[in-house]
Amino acid sequence: MSSIDQSGSFTLGNLKVKRLGYGAMQLAGPGVFGPPKDHETALTVLREAIASGVDHIDTSDFYGPHVTNRLIREALHPYRDDLVIVTKIGARRGADASWLPAFSADELKQAVHDNLSNLQLEVLDVVNLRVMINPHHPTEGSIEAPLTALAELKRQGLVRHIGLSNVTRSQIAEGRRITEIVCVQNLYNLAQRTDDALVDELERDGIAYVPFFPLGGFTPLQSSALSDVAARLNATPMQVALAWLLQRAPNILLIPGTSSPAHLKQNIAAAELKLPEDAIAELDRIASTSHA
């Protein structure tokens with residue numbers, strides 16, 4: 001069971017991490033495809049993230065493909081003992097940069113081995129099963145077959161812990177009947193709050209919720225409201241959006257991504273930004289205009 005302590009860290013299974021991590025997706029080329037625009041800057045961002053206290057990184061071998069994992073290995077291997085690397089499987093990239101399902105037992109097994117090889121690891125700390133019934137949003141359908149295949153790889157000792165991504169509440173329930181689920185990764189932010197009740201349910205059960213796209217899906221009006229609050233607090237909109245998520249629930253872990261050392265510093269500083277109650281109330285009103 002995952003658990004929360006009072007220091008602001010969170011335990012994924014038996015792996016304690018700080019609540020603000022780093023997402024490596026943006027280190028790949030445009031469209032998360034091909035090599036980075038600046039190889040050395042990509043390595044610098046990874047090293048500075050760790051030097052700044054980040055202790056968990058979110059990645060996948062289908063970013064690039066293979067690009068972000070190889071950058072992580074080049075920048076950080078041999079890894080610090082306290083570094084947790086979370087990866088995901090369930091998709092592959094087409095030659096045209098499309099995102100395609102890769103859900104068979106053989107594809108999942110190959111994906112785990114590819115992640116192990118490109119990260120130069122013997123076991124993966126956490127593997128999220130990315131559900132691709134609809135790649136754009138959670139869609140009902142059984143995940144028993146692919147999750148059973150991933151659970152077998154865990155039983156073999158290649159994976160320590162399992163999470164789910166792009167899933168519905170019923171899929172999470174189905175998954176928990178098959179194996180322990182330590183985290184759920186879905187779209188959630190100030191404006192896109194479809195998972196509000198789910199966040200609270202997972203908190204009660206000690207399961208991490210990892211939102212992606214903290215500024216995704218905002219209307220111009222919503223963005224303007226966020227910018228107004230940020231200006232009043234002498235912060236950036238991204239910092240305010242991240243701080244709101246950290247204050248939303250103690251089981252929320254953040255993995256903001258960037259390919260810029262300057263933006264990395266800004267994102268990390270968001271962990272120290274405490275939003276006053278009036279700002280939270282104003283930010284909560286942003287969701288009332290959302291069509292999520």
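Where is the place of Q120? In this predicted model, Q120 sits in the loop between α3 (105-119) and β9 (124-130). Although Q120 is not a glycine, its phi is positive, at about 60°. With a relative accessible area of 45%, Q120 is partly exposed, because buried would require under 20% and exposed over 50%.

## Backbone geometry in the loops

A97 can be described alongside Q120, since a positive phi near 75° is found there in a residue other than glycine. The place of A97 is in the loop between β7 (91-93) and β8 (99-101), and its 23% relative accessibility means that A97 counts as partly exposed. As background to both residues, most residues other than glycine have a negative phi, and most peptide bonds are trans.

Two peptide bonds that precede prolines are cis in this model. The bond joining G64 and P65 is cis with omega at about -10°, and P65 belongs to the loop between β5 and α2. The bond from H77 to P78 is likewise described as cis, with omega near 0°, and P78 is found in the loop between α2 and β6 (84-89).

The loop between β5 (56-58) and α2 (67-76) also holds T59, which is buried, with a relative accessible area of 0%. When residues up to four places away in sequence are not counted, T59 touches A24, the trio T68, N69 and I72, and also I85, V86, T87 and K88.

## Aromatic pairs

The structure holds 5 aromatic pairs, and two of them are set out in the table below.

| Pair | Distance between ring centres | Angle between planes | Arrangement |
|---|---|---|---|
| F62 and Y63 | 5.5 Å | 90° | edge-to-face |
| F212 and F213 | 5.3 Å | 90° | edge-to-face |

The planes of F62 and Y63 stand at 90°, so this pair is edge-to-face, the cut-off for that class being over 60 degrees. Both F62 and Y63 are buried, and together with W99 they form one aromatic cluster. In the other pair of the table, F212 counts as buried because its relative accessibility is 17%, whereas F213, at 47% relative accessibility, counts as partly exposed.

## Nonpolar cores

Which residues touch the most other members of the largest nonpolar core? They are Y22 and L150, within a core of 81 residues. Helix α8 (residues 237-248) gives the most to this core, contributing 7 residues. A second core, separate from the largest one, has 13 residues, and V86, V126, V182 and A208 are included in it. In soluble globular proteins, nonpolar side chains tend to be buried together. One member of the second core, V86, is also among the residues that T59 touches.

## The packing of α4 against α5

Helix α4 (residues 144-155) and helix α5 (residues 169-178) have axes that come within 10 Å of each other and cross at roughly 35°, and the crossing in which α4 passes α5 is right-handed. On the α4 side the contact is made by E144, L147, T148 and A151, while α5 supplies E174, G175 and I178. By residue class, this contact between α4 and α5 divides into 3 nonpolar, 2 polar and 2 charged residues.

## Positions compared along the chain and in space

K18 is found in strand β3 (residues 15-18) and is partly exposed, with a relative accessible area of 44%. The C-alpha atoms of K18 and A271 are separated by 9.9 Å, although these two residues are 253 residues apart along the chain. Leaving aside neighbours within four places in sequence, K18 is in contact with G8 and S9, with G53, D55 and H56, and with L253.

P276 offers another such comparison: the C-alpha atoms of P276 and V131 are separated by 37 Å, and the two residues are 145 residues apart along the chain. The place of P276 is in the loop between α9 (261-269) and α10 (277-284), where P276 is partly exposed, with a relative accessible area of 33%.

Notes
Residues numbered from 1 in each chain as written. Predicted model: local features only at pLDDT ≥ 70, side-chain atom pairs only at ≥ 80, totals over all residues. Heavy atoms only, no water. Axes fitted to C-alpha atoms, helices over the stretch in contact; angles between N-to-C directions. Helix = DSSP H or I, 4+ residues; strand = E, 2+ residues; numbered from the N terminus. Left-handed = near helix turned anticlockwise from the far one by under 90°. Contact = heavy atoms within 4.5 Å. Nonpolar A, V, L, I, M, F, W, Y, C, P; charged D, E, K, R; others polar. Core = buried A, V, L, I, M, F, W, Y, C linked by side-chain atoms within 4.5 Å. Buried < 20%, exposed > 50% of the residue type's maximum accessible area, 1.4 Å probe, protein only. Phe/Tyr/Trp six-rings, centres within 6.5 Å; stacked < 30°, edge-to-face > 60°.
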